[in-house]
Amino acid sequence: MSRFGQRNSEAAERLAERRRREDSAPRLLARVPRLESLKLEIQELRAGALIGESTYVKRVPVAHAPALFDLPCLDNTCKDGGHDVSHDILRALEAGQTSFEGEDPCNGQTGNAQCRRVLRYVATATYKS
């Protein structure tokens, strides 16, 4: 198998595993019944510098979303990396916070070195009265 084919196969396997985890996770509304909306503004940084193509907004479909916030590392050479920020986000949502932020370093490998990317997020939530 070519390197390209192997990378595609590995990526497909990671995606399938992420979907299995999402399917088996409790639903977000079961954990935070008053949650009405959730927006995550996400950035990845490397060596403290913003990586332009890694900035995006994720609007969470609260009505059917899993209570899982496991975001992939956006470096396509990173192996076994990613950012599971579920615990921190769920803790803030369960506390009723309307705005909160956090960071998470990637623990993957790029070549023979540790991935140096850091995920930064800013969350905005609204709740039912």
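In this predicted model, the lining of the second largest pocket draws at least two residues from each of helix H1 (3–24), strand S3 (56–60) and strand S4 (70–71). S3 provides the largest share of that lining, namely three residues, and the space within the second largest pocket comes to about 250 Å³. The pocket belongs to a protein of 129 residues, of which 33% count as buried, and the notes below move from this pocket to the overall layout, the nonpolar core and a few individual residues.

**Second largest pocket**

- The lining consists of 14 residues, and those closest to the centre of the pocket are Glu22, Lys58, Pro66, Leu68 and Leu71.
- By residue class, the lining of the second largest pocket holds nine nonpolar residues, four charged residues and one polar residue.

**Overall layout**

- The protein contains three helices and 10 strands, and read from the N terminus its elements follow the order α-α-β-β-β-β-β-β-α-β-β-β-β.
- The C-alpha trace of the protein extends over about 55 × 35 × 20 Å along its principal axes.
- When contacts between residues at least 6 apart in sequence are considered, 60% of them join residues that are at least 24 apart.

**Largest nonpolar core**

- The largest nonpolar core has 23 residues, and the members that touch the most other members are Leu28, Leu35, Leu38, Leu40, Phe69, Ile89 and Leu93.
- At least two residues of this core come from each of strand S1 (35–46), helix H3 (86–94) and strand S10 (117–127), with S10 giving the most, five residues.
- As a general background to such a grouping, nonpolar side chains in soluble globular proteins tend to be buried together.
- Leu35, when neighbours within four places in sequence are left aside, is in contact with Leu28, Leu29, Val62 and Leu93, and also with Ala125, Thr126, Tyr127 and Lys128.

**Strand S10: Ala123 and Val118**

- Ala123 is located in strand S10, and with a relative accessible area of 0% this residue is buried.
- Beyond residues up to four places away in sequence, Ala123 touches Leu38, Lys39 and Leu40, together with Thr98, Ser99 and Phe100.
- Between Ala123 and Val85 there are 12 Å in space, taken from C-alpha to C-alpha, and the two are 38 residues apart in sequence.
- Val118 likewise lies in strand S10, but Val118 counts as partly exposed, at 24% relative accessibility, because the range for that class begins where buried ends, at 20%.
- The contacts of Val118, not counting residues up to four places away in sequence, are with Gln43, Glu44, Leu45, His83, Glu103, Asp104 and Pro105.
- Val118 and His83 are 35 residues apart in sequence, while their C-alpha atoms are 8.7 Å apart in space.

**Strand S6: His83**

- His83 is part of strand S6 (residues 83–84) and is buried, its relative accessible area being 0%.
- A polar atom of the His83 side chain lies 3.0 Å from the backbone oxygen of Asp104.
- Leaving out residues up to four places away in sequence, His83 touches Glu44, the run of Phe69, Asp70, Leu71, Pro72 and Cys73, then Asp104, Pro105 and Cys106, and finally Arg117, Val118 and Leu119.
- Among these contacts of His83 is Leu71, a residue that is also listed with those closest to the centre of the second largest pocket, and another is Phe69, which is named with the core members that touch the most other members.

**Asp80 and Glu17**

- Asp80 sits in the loop between strand S5 (78–79) and S6, and this residue counts as exposed, at 63% relative accessibility, because the cut-off for that class is over 50%.
- The phi of Asp80 is positive, about 65°, although the residue is not a glycine.
- For comparison, most residues other than glycine have a negative phi.
- Glu17 lies in helix H1, where this residue counts as partly exposed, with 37% relative accessibility.
- The side chain of Glu17 makes a polar contact with the side chain of Arg20, at 3.0 Å.

How values were computed
Residues numbered from 1 in each chain as written. Predicted model: local features only at pLDDT ≥ 70, side-chain atom pairs only at ≥ 80, totals over all residues. Heavy atoms only, no water. Core = buried A, V, L, I, M, F, W, Y, C linked by side-chain atoms within 4.5 Å. Buried < 20%, exposed > 50% of the residue type's maximum accessible area, 1.4 Å probe, protein only. Helix = DSSP H or I, 4+ residues; strand = E, 2+ residues; numbered from the N terminus. Contact = heavy atoms within 4.5 Å. 1 Å grid on protein atoms, 1.4 Å probe; cavity = no way out; pocket = protein on both sides within 12 Å on 5 of 7 lines; lining within 4 Å. Points joined across faces, edges and corners; volume = space filled by probe spheres on them. Nonpolar A, V, L, I, M, F, W, Y, C, P; charged D, E, K, R; others polar. Polar contact = N/O pair within 3.5 Å; in protein donor to acceptor, adjacent residues only side chain to side chain.
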